[in-house]
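Trainee: Could we go through this structure together? I'd like to see how each label follows from its definition.
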Amino acid sequence: MLPQVLKRSDLGVWITALAAERRVAAPVLKETSPADPKDLKFAWEYIADPADVRLDYTVTVLGPKKFLWPTRQKLATYNLGGEPDPKPLIEHEAQVLFGVHPCDVTAIATLDAAFYKDVPDPHYLSRRADTAIIGLDCAKPCDDSSFCLDMGSLYPESGYDVMLTPEEDRYFVEVKTELGQALVEAAKVKPATKQEMQARQAFAEKKRAAFHFQLPCEVKYLPEILDASYDSLVWEAIARRCFSCGSCNTTCPTCYCFDVYDDVAVDLTRGCRIRRYDSCQLDPFATVAGGEDFRKDRSSRLRHRMFRKGKYILEQTGRTGCVGCGRCERACVAGISIKETFVQIAGSR
Amino acid sequence: MTQVDVDIEKGAAAESPYVPRMAQILAAEQMTETERFFRLKMEGPPLVYEPGQFVEVMVFGLGESPISICSSPTQGDAFELTVRSVGIVTNALKKFEKGHRVGIRGPFGNHFDYDVMKGQDVLFVAGGLGLAPTRSLIRYVLDKRKDYAKVTILFGAREPKWLLFRQEVQEWGKRGDVDVRVTVDRGDPSWKGNVGVITRLFNKVEIDPARTWAVIVGPPVMFKFTVLEALAAGIPEHRIICSLERHMKCGIGKCGHCQIRGIYVCRQGPVFTYEQVKKLREGI
């Protein structure tokens with residue numbers, strides 16, 4: 001489909017039209033730092049008013065992953081006392097993630113593959129099937145923590161229904177899927193003029209110039225570099241600073257490990273199986289009931305995470321385990337950076 | 001590298017892999033202070049499983065626990081579990097009797113390759129609760145005894161009171177076509193058998209390294225020393241089989257708890273050759 005444009009002033013009308021069909025989740029402004037009025041904190045939320053949508057957002061602590069993969073999710077219910085009759089609980093409703101940056105588009109594709117692989121997980125995939133993704137292209141890196149260009153997540157070729165490219169007073173609108181076509185029908189789009197097409201190309205050139213490779217090698221060599229560093233003391237050295245708090249896992253857009261627990265109603269008539277995010281950095285993660293802990297040292301847990309992000313998930317699914325969004329580094333109280341870690345081990349060879 | 005081709009619509013319509021089916025307890029017996037034996041039968045279609053696989057046992061209201069199947073599919077539609085009470089779910093199971101019901105998910109995991117061992121010698125080495133998963137293959141091999149050459153079973157426990165399947169192990173010894181050796185780390189006044197760690201039993205049996213498969217299951221500390229003995233006997237690495245214990249929480253390669261490096265033990269394991277385990281580095 002030929003490229004189209006949407007005026008910035010018509011965005012609200014489009015979002016209102018979308019909201020009539022689906023819940024709309026988008027980045028909103030949460031707070032402004034009192035010390036620095038330019039320091040804005042954004043978060044992904046379901047929106048009530050289209051005016052709250054902030055497509056000028058940079059980073060969010062949590063990505064839009066939470067709308068597909070909630071921090072807590074009910075899996076099954078059963079009765080207590082009588083016939084247990086366990087039943088699956090698969091909850092989803094139509095939603096649109098509005099303004100997803102390329103890194104998060106790529107991260108969602110990784111989650112899709114992980115939850116589809118071998119034994120499909122309908123609890124995730126049914127939400128995913130009911131979710132439209134409207135991407136928003138980036139003109140420049142969010143900050144120094146981002147290394148999306150290296151991790152191959154800056155130019156996603158799929159995983160979204162519509163991609164918006166910001167252009168002064170308008171958005172360039174590229175439709176990727178049939179669903180995207182249907183979504184755009186509610187927008188006051190116009191075919192792009194020659195000048196607008198040129199502006200789009202100028203944006204692409206600006207984008208290319210604004211992002212720089214930060215790893216000393218191509219990312220395809222990362223699994224090999226990690227393997228070569230397996231026995232290095234580097235993990236122990238970095239783990240000296242690590243508190244094993246799991247913030248990196250919590251904020252990671254591709255982390256999908258979970259714990260399952262049972263919640264019982266106060267009248268003891270019903271119970272529920274619930275899963276919640278878990279973290280491979282926490283000590284009990286690899287412990288078995290008998291007490292044996294297979295990743296006792298902080299360094300072995302930290303190494304496991306770095307290997308998962310740079311190697312294991314890629315080998316298991318064919319999709320990148322790290323999209324270079326920088327969230328784990330920003331969240332780390334000890335200032336541990338996955339990018340700097342990759343740079344260090346690549347440089348140690 | 002596997003490139004997973006994702007079909008979201010198909011996956012969304014899949015049946016939930018997290019919902020257990022009901023099973024009824026046909027028999028329950030306290031085997032030791034902490035280990036309880038169960039024979040169960042699924043309500044509806046029977047459990048189709050292979051030796052070495054495991055199930056998730058659900059106690060409604062409390063949760064699930066991954067348990068090795070200790071019976072062989074050659075025994076019929078019922079299946080058997082040996083549960084050590086170490087956690088909330090497994091302690092609750094102590095009170096479960098004949099007629100009670102539990103939820104079962106599975107079977108999960110790969111299994112012992114009994115076909116590849118056909119016509120050859122099988123050496124079983126089981127420590128403590130390791131006899132439970134090993135028994136699934138022992139029962140299979142004994143039920144198809146003529147398919148296998150020499151069968152040797154080495155079994156060890158800390159003390160006589162911790163020996164599992166004591167009577168059954170004695171019966172295996174009486175068959176005449178199986179060499180059974182049992183040892184305990186520390187004897188008690190009534191114990192007349194071998195005393196000493198399980199590795200000492202290796203010297204008592206004859207092993208033809210050219211035709212022996214060693215199946216080793218036990219606590220992590222035991223693996224290292226028994227694998228060493230098996231290698232010292234000349235058995236090649238790819239014919240030393242181990243079953244590894246990890247916390248298999250989901251059973252379907254998602255939750256991450258059972259991972260050893262890039263391997264999900266619940267799917268690619270729990271059965272590995274020593275050749276594979278060696279490469280994993282974090283295996284044992």
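Trainee: Happy to start small: in which strand of chain B is B:T183 found?

Mentor: B:T183 is found in strand β9 of chain B. Strands here are DSSP runs of E with at least two residues, helices are runs of H or I with at least four, and both are numbered from the N terminus. Before we go on, this is a predicted model, in which local features need pLDDT of at least 70, side-chain atom pairs count only at pLDDT 80 or more, and totals for chains, interfaces and linings use all residues. Residues are numbered from 1 along each chain as its sequence is written, while chains are lettered from A and ligands numbered from 1 in the order in which they are written.

Trainee: What makes B:T183 buried or exposed?

Mentor: A residue is buried if 20 or more other C-beta atoms lie within 10 Å of its own, exposed if 12 or fewer, and partly exposed in between, with C-beta atoms placed from the backbone. B:T183 has 22 within 10 Å, so it is buried.

Trainee: Which residues does B:T183 touch, leaving out those up to four places away in sequence?

Mentor: Contact asks for C-beta atoms, placed from the backbone, within 7 Å. Among the residues that B:T183 touches are B:G156, B:N194, B:V195 and B:L201. B:L201 is 18 residues apart from B:T183 along the chain, and their C-alpha atoms are separated by 7.7 Å.

Trainee: What is the strand order in the open sheet of 7 strands in chain B?

Mentor: The order is β10-β9-β8-β7-β11-β12-β15, with mixed pairing. Two strands pair if DSSP finds at least two bridges between them.

Trainee: Why do β10 and β15 of chain B stand at the edges?

Mentor: β10 (194-195) and β15 (271-273) each have a single partner strand, so one side of each is left without a neighbour in the sheet.

Trainee: How do you know that β7 and β11 of chain B pair?

Mentor: Strand β7 (residues 121-127) and strand β11 (residues 212-217) of chain B share 6 bridges in the parallel sense, against a requirement of at least two. One example is B:V122, whose bridge partner in β11(B) is B:W213. Helix α5 (residues 220-232) of chain B packs on this sheet, touching β7, β11 and β12 (240-243), and its direction makes about 170 degrees with that of β11(B). Such angles run from 0 to 180 degrees between N-to-C directions, with axes fitted to C-alpha atoms, for helices over the stretch in contact.

Trainee: How do you know that β4 and β5 of chain A pair?

Mentor: Strand β4 (residues 72-79) of chain A and β5(A) have 2 antiparallel bridges, and at least two are needed. In β5(A), A:P88 is the bridge partner of A:A76. The open sheet they belong to has the order β5-β4-β12-β11 in chain A, with antiparallel pairing. Its edge strands are β5 (87-88) and β11 (258-264), each pairing on one side only.

Trainee: Why is chain A called as compact as a globular protein of its length?

Mentor: The radius of gyration is taken over C-alpha atoms, and the globule rule is 2.2 Å times the number of residues to the power 0.38. For 349 residues the rule gives 20 Å, and chain A comes to 22 Å, close to that value, so the description fits. Buried residues make up 46% of those 349.

Trainee: How many residues does each chain bring to the contact between them?

Mentor: Chain B brings 40 residues and chain A brings 50. Helix α1 (residues 8-12) of chain B gives the largest share of the chain B side, 4 residues.

Note on methods:
Two residues are in contact if their C-beta atoms, placed from the backbone, lie within 7 Å.
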